[in-house]
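Student: I have just opened this structure and would like to understand what surrounds the ligand. Could you go through it with me?

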Amino acid sequence: ATGSAAAEPIDESDQAYITPVTIGTPPQTLELDVDTGSSDLWVFSSHTPPSQIHGQQIYSPNKSSTAKLLEGHTWSITYGDGSASRGNVYIDNFTVGGLTAEKQAVQCAQQVSASFTRETHVDGLIGLGFSTLNTVSPKSQLTFFDNVKSGLDSPVFTADLKHGAAGTYDFGFVDKAKYSGEITYVPVNPDPGYWAFNSSGYAIGSGKFSASAITGIADTGTSLLYLPTAIVTAYYRQVEGATNSRTYGGYVFPCSSSLPSFTFGVADARITIPSAYINYAPITPGSSTCFGGLQSSSGVGINIFGDVALKAAFVVFNGGSPPTIGWAQK
Ligand SMILES: CC[C@H](C)[C@H](NC(=O)C[C@H](O)[C@H](CC1CCCCC1)NC(=O)CCNC(=O)[C@H](Cc1ccccc1)NC(=O)N1CCC(N)CC1)C(=O)NCc1cnc(C)nc1N
């Protein structure tokens, strides 16, 4: 089996991408944020207090003839940006891009933090990290990918995210039409539960490539690219008027500044992020000061290849044994 689903940016800065899914019988449609940096599939639901719902679509298990409460199970998750949610768990049919998991654990929110309430476009998350990170207790649950993997033509899913346009998540196959050249695969360390891999170094603009092993995670749920401070300061030294703002929590610069591109290595392959992707967004709508799409990982604790990096490439998340991750230009 294979599947293919759209990944639509939620705003003009590609802060996140949403993917349509259907849950239950008859099917209820929601739009979820595919997140390779976590492993809970959770949704706004009929169990979410109405005061915490602000335009999101909800899943009502009591309207699904195939929904079954997973007795005595709860979940509670906190994300890197401090947002959080928790609730109970149902088992139901879950379909993404024509691919159905019959007995998917669908985590229903009974509490979401304010930042989730504010995000009207996001009806929940599909965690596609390793299932070891799932927070359901007392028995942790499998991700959608782990549930459907054995039935896929190939045990993979791919991300083709785009800047300001709809991209796709494919399941079970690698679409040759979506990339140019070769895909370079490197090992993944599944132990932390993220898609952790080593980048082989970086280059700023047309500068020389600096070889250095950079351990990071490929995280579709993180908007920006977070790398070691030394790399980030070297980058913004080349940007007229760039400053590291405590007020805005990172490097900002005049929106009119010209920015160099940024290249990172994957073994002997090179992925170049166009400068437009690093001119992330005005700090507030209409401001002439812009926030950088490349920021330091020192406050984060881990290097994160988020959407700013991912949308410059075609990425294969290979769930075979051993797991690997593939990167190609496009
Ligand atoms: C089982 C937990 C699970 C693995 C968890 N995983 C993650 O946090 C990574 C995961 O990919 C999450 C998934 C996000 C969560 C918020 C909602 C959208 C998805 N990524 C992050 O938290 C990275 C930082 N956040 C972001 O990158 C959010 C994502 C977002 C997008 C749209 C709307 C709202 C939020 N972006 C922004 O807030 N932006 C606004 C500001 C702008 N300058 C950049 C974009 C974790 O590591 N938690 C441990 C943890 C807990 N507490 C803390 C403080 N740090 C932690 N790392």
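**Around the ligand**

Tutor: Gladly! This is a predicted model, and a backbone N or O atom of Gly-221 lies 3.5 Å from a nitrogen atom of the ligand.

Student: Why is the pair with Gly-221 called a polar contact?

Tutor: A polar contact is a pair of N or O atoms within 3.5 Å. The Gly-221 pair is at 3.5 Å, so it counts.

Student: What makes the pairs with Thr-78 and Ser-223 polar contacts?

Tutor: For Thr-78, a backbone N or O atom is 2.8 Å from a ligand nitrogen. For Ser-223, a side-chain N or O atom is 3.0 Å from a ligand nitrogen. Both values are within 3.5 Å, so both pairs are polar contacts. As for cover, the protein takes up 72% of the 1100 Å² of accessible area that the ligand has on its own.

Student: Which residues come nearest to the ligand?

Tutor: Of the 24 residues around the ligand, the nearest are Asp-35, Thr-78, Gly-80, Tyr-194 and Asp-219. By class, the shell has 10 nonpolar, 9 polar and 5 charged residues.

Student: Where does the ligand sit?

Tutor: The ligand takes up the space of the largest pocket. Strand E3 (28-35) and strand E5 (68-78) are the elements that give two or more residues to the shell around the ligand.

Student: How do you know how confident the predictor is?

Tutor: pLDDT is the predictor's confidence in each residue, from 0 to 100, and the chain's mean is 98, with 100% of its residues at 70 or more. The model also scores ipTM 0.95 and pTM 0.98.

How values were computed
Residues are numbered from 1 along each chain as its sequence is written. This is a predicted model: local features need pLDDT of at least 70, side-chain atom pairs count only at pLDDT 80 or more; totals for chains, interfaces and linings use all residues. Side-chain values use heavy atoms; hydrogens and water are left out. A residue is near a molecule or strand if one of its heavy atoms lies within 4 Å of it. A polar contact is a pair of N or O atoms within 3.5 Å; within protein, one must be able to donate a hydrogen and the other to accept it, and residues adjacent in sequence count only if both atoms are side-chain atoms. Accessible areas come from the Shrake-Rupley method with a 1.4 Å probe; for residues, only the protein chains shown count as cover. On a 1 Å grid over the protein atoms alone, a cavity is a set of points where a 1.4 Å probe fits but cannot get out, and a pocket is an open set with protein on both sides within 12 Å along at least five of seven lines; lining residues have an atom within 4 Å of a point. A molecule sits in a cavity or pocket if more than half of its atoms lie within 2 Å of its grid points. Helices (H or I, at least four residues) and strands (E, at least two) are DSSP runs, numbered from the N terminus. Ala, Val, Leu, Ile, Met, Phe, Trp, Tyr, Cys and Pro count as nonpolar, Asp, Glu, Lys and Arg as charged, and the others, Gly among them, as polar.
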